[in-house]
Amino acid sequence: MIREPLIFVLSEKGKRACLLPVLDVDEKKSVTQGITVRKNIKGFPQVSEVEVVRHFTRLSTTNYCVDEGFYPLGSCTMKYNPKINEKVAGFEGFLVAHPLAPEEMNQGNLEVLKLTEDLLCEITGMDKFSLQPSAGAQGELVGMMMIRACLESRGEQRKVVLIPDSAHGTNPSSAHLCGYKVREIKSNSRGTVDLQDLAAGMSEDVAAFMVTNPNTLGVFESDIKEITRIVHSEGGFVYMDGANMNALIGTSRPGDMDVDVIHLNLHKTFSTPHGGGGPGSGPVGVKEVLAPFLPKPHIEKRGERYYFDYDRPQSIGQVKSFYGNFLVVVRALSYILSLGPEGLKEISEIAVLNANYIRKSLEDIYHLKYNSPTLHECVFSDLFLKDFGVSNLDVAKRLIDYNVHPPTMSFPLIVHGALMVEPTETESKRDLDLFIDAMKKIAIEAEKNPELLKSAPHLTYVRRLNETTAARNPILKWTPESKGKE
Amino acid sequence: MYPEEYRYSKDHEWIKVEGDLGTIGITDFAQKQMGDVVYVEMPDIGTELGHHQTIGVIESVKAVSDIYSPTAGEVVEVNEDLNKSPELVNEDPHGKGWIIKIKIKKSSEVEKMMSYSDYEKFLSGLDE
């Protein structure tokens, strides 16, 4: 395979992508006056139009995407993005609508927002939603800010947030960014929240407990009602990270588990594009007690008219320009409506079935730390590979040679050398079997020919990259001095 | 392997005591678990640390982990070499890869920590 050079290398002086007509008026020096022209760009590439097009087209073919193959990136729910959603998002009325157009001219689009919020309330059992947050992590932060605002309105200055040791890394980050101290709660031998540790950690200084259900092991927190009771008994709030909602959708509702606030990832559970920048969408849903603190404006309906309500004195304020990523919401609504209630239920059923098919097929070979039943994903450990000098990283790299995207690695931290597999409901049995076969072959290769794994991938555009050097000494910019070293 | 004169914590930090001065780092076991360290975030000099309070953060190619202070004290020095060479934590975790030096508040806290032999026993009992 020929390596595609950097576009700077293709550059030849004088080449250009378009020819401007000859200047037929007096030249004015003031054209660029007041415009900031960056002076520090050195060696700007000079290439023709066809060179630009071919360069980026060739590069695009080296990518791997969900339209191409299996993508079991655990906790990321890399499901197929149905093309009907793209078609609907491309309708002119959605596509060219201006967010600053008068509300009377935008009633249809506002209805889309309100309808989506109402449907998310129904799906999750929460009382109110806001579509403003632009991704999951922002949804988390907004959730924590609302909890803080609510506590402060009661004159309470709680300082601590409790988070299980299996949580997504964004949870402690969000709590920290919101000014809270984070304390870790241990998992028990089943891989779920240790209730004793939670009860011991709970006090009047604790603002919230952040829980992911099912957790990052794919295990349902079956004590969730007891968890919410313990936290509520000390006046704390329960935040649920909705990253794994794909396991529950249509089957059970966080609102019924007495969760106070939740965020969803439309780009996970609701099939909107995920990799490549999405953009994402992280709607946040609350119970009535937190509703006054939702971001403003909030979409409302009075009589037959939809409008943005800015009159929300206790709101934490606006968190995103306009009202979130509108066309992403349109895609999610298209997904919900095209599936209907029965279809949504089937999502979680098949997602759980697929994950358990993989687990059962591989659990005799790949080590499982916890025996608990799992839902939509399962986490294998690389412990059995230790004797061959092979780690989860080598398995992941070798999977690429089998044309499979590697699973999430080394997370959650409570599992040694984790490989977290989430197939989602969109995979056929044939594709699941291809993955299972690849994993079985790799386990044999690890024993017979560990070097094959350690030097993988072999069949890719680039071979194994030195991640350590890339992290320690990142070179983020091409300069004329780097010419010849590419 | 593990220096005899150091004391160890369950979170895999070590402390070396010289008078009321304590040098703190992470153990060889911890660095192996983390993999290649790419960044170490350290506290400001003068920071008052409580027992088991977060000293800073170690970022490796695998994960980001908090480092805890095994005992209370005031930060008097940080290992500036780690800014340029975070790999010292991997290469020499019990020596050049030290992270901070503190003025120890309660020597009784340090005495409660594990000896090298207890720590080795603790490691062998760990269910990875």
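This section describes the overall dimensions, nonpolar cores, sheet arrangement and chain contact of a predicted model.

Chain A contains 14 helices and 13 strands. Along the principal axes, the C-alpha atoms of chain A occupy a box of roughly 75 × 70 × 40 Å. The radius of gyration of chain A is 25 Å, which agrees with the value near 23 Å that a compact globule of 486 residues would have. Of the 486 residues in chain A, 42% are buried. Among contacts in chain A with a separation of 6 or more, 72% join residues that are 24 or more positions apart.

In soluble globular proteins, nonpolar side chains tend to be buried together. In the present model, the largest nonpolar core comprises 110 residues, and the most contacts inside this core are made by Met146(A), Ala208(A), Val238(A) and Val261(A). Helix α10 of chain A, spanning residues 326-362, gives the most to the core, with 13 residues. Because domain 1 (83-338) and domain 2 (348-471) of chain A both contribute residues, the core lies between them. A second, separate core consists of 27 residues, including Leu49(B), Ile55(B), Ile67(B) and Leu82(B).

The surroundings of Val261(A) illustrate the packing in the largest core. When neighbours within four places in sequence are set aside, Val261(A) is in contact with Gly143(A), Met146(A) and Ile147(A), as well as with Phe237(A) and Tyr239(A). Further contacts of Val261(A) are with Val284(A), Gly285(A), Val286(A) and Leu290(A). Met146(A) thus appears among these partners of Val261(A), and both residues are listed among those with the most contacts inside the core.

Strands of a sheet pair through backbone hydrogen bonds, either parallel or antiparallel. In chain B, six strands form an open sheet in the order β1-β2-β3-β9-β8-β5, with antiparallel pairing. The edges are occupied by β1 (7-8) and β5 (48-49) of chain B; each has a single partner strand, so one side of each is left without a neighbour in the sheet. Within the sheet, strand β8 (residues 73-78) of chain B is paired with strand β9 (residues 100-104) of chain B in the antiparallel sense, over five bridges. Across this pair, Glu74(B) stands opposite Lys103(B) of β9(B).

The contact between the chains involves nine residues from chain A and eight residues from chain B. On the side of chain B that touches chain A, five residues are nonpolar and three are charged, whereas no polar residue is present.

Key. Residues are numbered from 1 along each chain as its sequence is written. Chains are lettered from A and ligands numbered from 1 in the order in which they are written. This is a predicted model: local features need pLDDT of at least 70, side-chain atom pairs count only at pLDDT 80 or more; totals for chains, interfaces and linings use all residues. Two residues are in contact if their C-beta atoms, placed from the backbone, lie within 7 Å. Ala, Val, Leu, Ile, Met, Phe, Trp, Tyr, Cys and Pro count as nonpolar, Asp, Glu, Lys and Arg as charged, and the others, Gly among them, as polar. Two strands pair if DSSP finds at least two bridges between them. Helices (H or I, at least four residues) and strands (E, at least two) are DSSP runs, numbered from the N terminus. A nonpolar core is a set of buried Ala, Val, Leu, Ile, Met, Phe, Trp, Tyr and Cys residues joined through C-beta atoms within 7 Å. A residue is buried if 20 or more other C-beta atoms lie within 10 Å of its own, exposed if 12 or fewer, and partly exposed in between; C-beta atoms are placed from the backbone. Domain bounds come from an automatic or database domain assignment. The radius of gyration is taken over C-alpha atoms; the globule rule is 2.2 Å times the number of residues to the power 0.38.
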